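Open the model in a viewer and keep the sequence panel visible. The stops below are given in the order in which to select them.

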Amino acid sequence: MSEHYDQLETRSADEREQALAAALPAQIAHAKTNAPFFADWLKDVDPTAVSSRAALARLPVLRKSNLGAVQKKNPPMGGLLAVPLSQALHIFMSPGPIFEVDTADKDYFRGARAMHAAGFRAGDIVHNTFSYHMTPAGIMMETAARALGCIVVPAGVGQTELQLDAIEAIRPAGYVGTPSFLKILLEKGAELGKDVSSVKKAFVGAEALPPSLRQMFQDRGVRTQQSYGTADLGTIAYESRALEGMIVDEGVIVEIVRPGTGDPVPEGEVGEVVVTTFSKAYPLVRFGTGDLSAVLSGTSPCGRTNMRIKGWMGRADQRTKVKGMFVDPEQIAQIARRHPELGRLRLVIDWIDQQDVMTLKAELAGGSADLAKTVEGTVQNMCKVRGKVELVAPGSLPNDGKVIDDVRKYT
């Protein structure tokens, strides 16, 4: 059983840079020729001159925070597609809303390499608990597993006891989903006496994996590794057995830039993750994810030679991820418009009992429990994540412009 997915993972740095230098001009030309947005966005760029990371760094950054506005001008994809929409298999709608597509290309989201690093192999049965509804996460993981030759149980989200019945009956070797739901399954399985011992490996994402939670899984016999990606870009980076940072996927170029600019920061300095993908269908060039990370020096002890990053280190803006779903200031503004009787709002995200906890603090004089319950329903409707509502005295929240306060600390 090979530790590495292919020879691309172990090539020399010079070989990798030469390959990227050759591929970049063609990808820029492809984007300009076939995607109307990039024809305008990069109208003054000569593709043949973009043959190095330094040249790439001079191009403008398209930030995810602006993607919704771009797509609204020319729905649904904003002129960003470089193939006819008829070639798409699905149109997904992520929170925002932001739209994404996939095509019939094998492993379109490039997850197989990361899943292989996590120990998944042909013939494994994989219990996939990411959502198949509207957003692409479920299909992202399914296509990766199928590219490896795995058999997929499309479990989706929720219905914990039914999922435990499926695991006990089908005996999957691996779990795919959020770490918080894996914790729920393992604990509920133990409580109900369900046999989930077949699950020996887990491939998780969409939320943080603190060391204490990873150790809990390890103590229960489940080797757990994580990846980092987005619905727009697919896999960006992933862990290997070495568990020393995340290794950048071979299908993208990653830059770490100073937030609010396109300027690369020195190695080791925290900045925004900017990604260029070589997808022919959705050729995003210098796409600013809004996520923070930093480059780790050296190469991984596992033998993979590509750049390593520290993984997700927070957001460059106030947009954040809660239980695998993005929540952004615009959604808080929608709640305020729905409930004009409320004053200043502040969404506080914390990490309690190994899970994300979301509390909307709302200023209001003389509020009631019934009103708080009504606002909780609005929060779930707008953010697609359940949260508590705490009514507080007028003037008690900080007047600092912050509407989302991520106070999570992982131990």
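Which residue takes a positive phi just after helix 6? Select G149: in this predicted model, its phi is about 90°.

**Helix 6**

Now step back to the helix itself, residues 137-147. Of its 11 residues, 8 are buried, so helix 6 is largely enclosed by the rest of the structure. To see which ones, colour G138, I139, M140, M141, E142, A144, A145 and A147. Burial here stands for a relative accessible area under 20%.

**The annotated span**

Next, select residues 121-276. An unreviewed UniProt entry annotates this range as "domain: AMP-dependent synthetase/ligase". Helix makes up 29% of the span and strand 28%. Put a distance label on the C-alpha atoms of residues 121 and 276, the two ends, and the viewer should give 28 Å.

**The four-stranded sheet**

Move on to the open sheet whose 4 strands follow the order 20-19-18-21, with mixed pairing. Its edges are strand 20 (388-392) and strand 21, each of which pairs on one side only. Looking from strand to strand, neighbours in this sheet are turned against each other by 25° on average, direction ignored.

**Strand 18 and its partners**

Select residues 345-352, which make up strand 18. Why can strand 18 be described as largely enclosed by the rest of the structure? The reason is that 6 of its 8 residues are buried.

Add strand 19, residues 355-363. Strands 18 and 19 run antiparallel and are joined by 8 bridges. For one bridge pair, show R346 of strand 18 with K361 in strand 19. The two strands form a hairpin with 2 residues between them. In the turn, pick D353, which has a positive phi of about 55°.

Then add strand 21, residues 404-406. How does strand 21 pair with strand 18, in the parallel or the antiparallel sense? The pairing is parallel, over 3 bridges. Here the pair to display is I349 with its bridge partner D406 in strand 21.

**Helices across the sheet**

Keep the sheet on screen and bring in helix 10, residues 329-338. Helix 10 lies across strands 18, 19 and 21, and runs at about 125° to strand 18.

The last selection is helix 11, residues 369-383. Which strands does helix 11 lie across? They are strand 19 and strand 20, and the helix runs at about 130° to strand 20.

Note on methods: Residues are numbered from 1 along each chain as its sequence is written. This is a predicted model: local features need pLDDT of at least 70, side-chain atom pairs count only at pLDDT 80 or more; totals for chains, interfaces and linings use all residues. Side-chain values use heavy atoms; hydrogens and water are left out. Buried means under 20% relative accessible area, exposed over 50%, partly exposed in between (1.4 Å probe, protein chains only). Two strands pair if DSSP finds at least two bridges between them. UniProt positions are given in the numbering used here, feature names are shortened, and annotations may be inferred rather than shown by experiment. Axes are lines fitted to C-alpha atoms, for helices over the stretch in contact, and angles run from 0 to 180 degrees between N-to-C directions. Contact means heavy atoms within 4.5 Å.
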